[in-house]
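User: Could you take a close look at the pockets in this one for me, and then at the packing inside the protein? I'd like one connected walk-through.

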Amino acid sequence: MERLLAGGRNGPETLAELIPIALAATITGQAHRAHPAPAGGPSASMAAVAALGPLLPTTGVGAEAALRDLTTAFVAGAVDPAEPWCAAHLHGPSLAVAAVADLVISAVNPSLDSWDQAPFASALERALTAELAALCFPDAPAPDALITSGGTESNLLGLLLAREHAGLPVTPVCGANAHHSVARAAWLLGLPQPIVVDCADERLRPDALRAVLAEITGPAVVVATAGTTDAGVIDPLPAIADIAREYRARLHVDAAYGGTLLFSSSRAPLLAGLDRADTVTVDLHKLGWQPIPAGVLISADAADLAPLGITADYLNAADDVEAGMPDLLGRSLRTSRRADAFGIAVSLRALGRAGLAALIDRCCTNAADLAAAIDAHPALRLWRTPTLTTVLLRPAIADQLDPALGDDLVAGLRRRLLDTGQAVLGRARIANPDGTDSRWLKLTLLNPTATVADYLPLLDLIADTADALRAGQGRS
């Protein structure tokens, strides 16, 4: 019988036969794609899938053919975040060592919902989360952390723990710059929709926060952001922490983007005040270069995590726990879950704090250098000097048009480059001083192997494409 399983005594031999096929197909797929993204838009992607034929045939084609054909098509039709001109989102390339570790996780396939399924993995996770918690809250007597699927789950947990800590409905308060997952978490938890606080230059205004909290009767949870999705800026955390304490509000900081600055001694000061939060969200699949998912929810007090505890006799029976078998159910909202901590631990051990800091610093430096180049470019306009690795720019020609037409040009430019596959740019709406807002192009630089020279030709492409689109507008 054909060898099927990745685990067991023969698993490594089976993987050794299949991995070269997948790698060869990956190379072939990359050769088919000349740019960071496939050309042709959604219809081309649907056609590529249809060309493969049935995905559930009556008779299977075999492991080798399925891997070869689907991997080739998958890679040819993928957007590659390792390409410098793929810079739309907080979606970075994976470290090679992390990708290989991910294969090990999949092959062994432990599930961290009971100790008898994951003895070593559960112990490794506890050690890893303890180190990450101590990094975030160095002066707290008993911090703790949980591995999550990313910022959305971590923010949900942050608001859930705030609700349970209050013992009654709690009012969420966040900046207009907050991630959409904050409002979604409030909805899921049956909380009032967040009260939105005004921002200045995309940062939550402390004076506006104080005014909001002064009007709230009952408990509140303030959600600050350390690394906004649109602009990559950090809220004034020390002032926010002061105000939250003054009004006895709980403080959750969404540092999904910026939290890994803690690894860098030169950039960690940007997170001053983070250690005064009750809970903190950090993602390691952003400026941590892990395969998705790799999120962390860090609590200043391990006791605050107690409400997550639950008993299921087949997973954490009382007598097993009393006998010394660790209880894992309170470590996540999920039941079955992967040993994602393994890949994180491999990466952190491989690079060390200094190695990760070097990668983070390189991306931040690239962003600063690229911003300077945009500022000097006659056909482009820079929004602000970047705080992290997000750079916002806009063709100068868009500012010469009616605001709606200018925004249409920016949106059309992004779609034109995406349709050709040449570049994958992000988009953001940023408030203007007069109370209106404008659409900007966004570059989120997460490739630590790139240099600013890799991005400079992109600036000319953006300017030339804007000119071509404007000429088209003029003819229409």
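**Pockets and cores**

Analyst: Let's start with the largest pocket, which has a volume of about 1100 Å³. Keep in mind that this is a predicted model. The lining of that pocket takes in 28 residues, and T26, F74, V75, S94 and A99 are the ones nearest its centre. If you want to trace the wall by secondary structure, go to α1 (11-32), α3 (63-76) and α4 (96-108): each of these supplies at least two residues of the lining. As for chemistry, the lining of the largest pocket splits into 17 nonpolar, 8 polar and 3 charged residues.

Now for the runner-up. The second largest pocket comes in at about 560 Å³. It is lined by 23 residues, with E202, D230, R429, I430 and A431 closest to the centre. Here the elements giving two or more residues to the lining are strands: β4 (199-200), β10 (380-382) and β12 (426-431). Of these, β12 has the largest share of the lining, at 3 residues. The make-up of the second largest pocket's lining is 10 nonpolar, 6 polar and 7 charged residues.

On to the packing. The largest nonpolar core has 58 residues, and the ones with the most contacts inside it are L209, L213, L251, V253, L274, V280 and I298. Helix α12 (residues 340-376) is the top contributor to this core, giving 8 residues. To get a feel for the packing, zoom in on L213: leaving aside residues up to four places away in sequence, L213 touches V173, A220, V222, I243, Y247 and A249. There is also another core, lying apart from the largest one, with 30 residues, including I374, L380, A423 and A450.

One last stop, and this one is an asparagine. N366 sits in helix α12, the helix that gives the most residues to the largest core. So is N366 buried or exposed? Its relative accessible area is 7%, so N366 counts as buried, the cut-off being under 20%. Who are its neighbours once you skip residues up to four places away in sequence? N366 touches L445, N447, A450, T451 and V452. A450 in that list should ring a bell, as A450 is among the residues of the 30-residue core. That gives you a handy place to look at in the viewer: centre on N366 in α12, then bring up A450 as one of its contacts.

Definitions and conventions. Residues are numbered from 1 along each chain as its sequence is written. This is a predicted model: local features need pLDDT of at least 70, side-chain atom pairs count only at pLDDT 80 or more; totals for chains, interfaces and linings use all residues. Side-chain values use heavy atoms; hydrogens and water are left out. On a 1 Å grid over the protein atoms alone, a cavity is a set of points where a 1.4 Å probe fits but cannot get out, and a pocket is an open set with protein on both sides within 12 Å along at least five of seven lines; lining residues have an atom within 4 Å of a point. Grid points are joined across faces, edges and corners, and a volume is the space filled by probe spheres set on the points. Helices (H or I, at least four residues) and strands (E, at least two) are DSSP runs, numbered from the N terminus. Ala, Val, Leu, Ile, Met, Phe, Trp, Tyr, Cys and Pro count as nonpolar, Asp, Glu, Lys and Arg as charged, and the others, Gly among them, as polar. A nonpolar core is a set of buried Ala, Val, Leu, Ile, Met, Phe, Trp, Tyr and Cys residues joined through side-chain atoms within 4.5 Å. Buried means under 20% relative accessible area, exposed over 50%, partly exposed in between (1.4 Å probe, protein chains only). Contact means heavy atoms within 4.5 Å.
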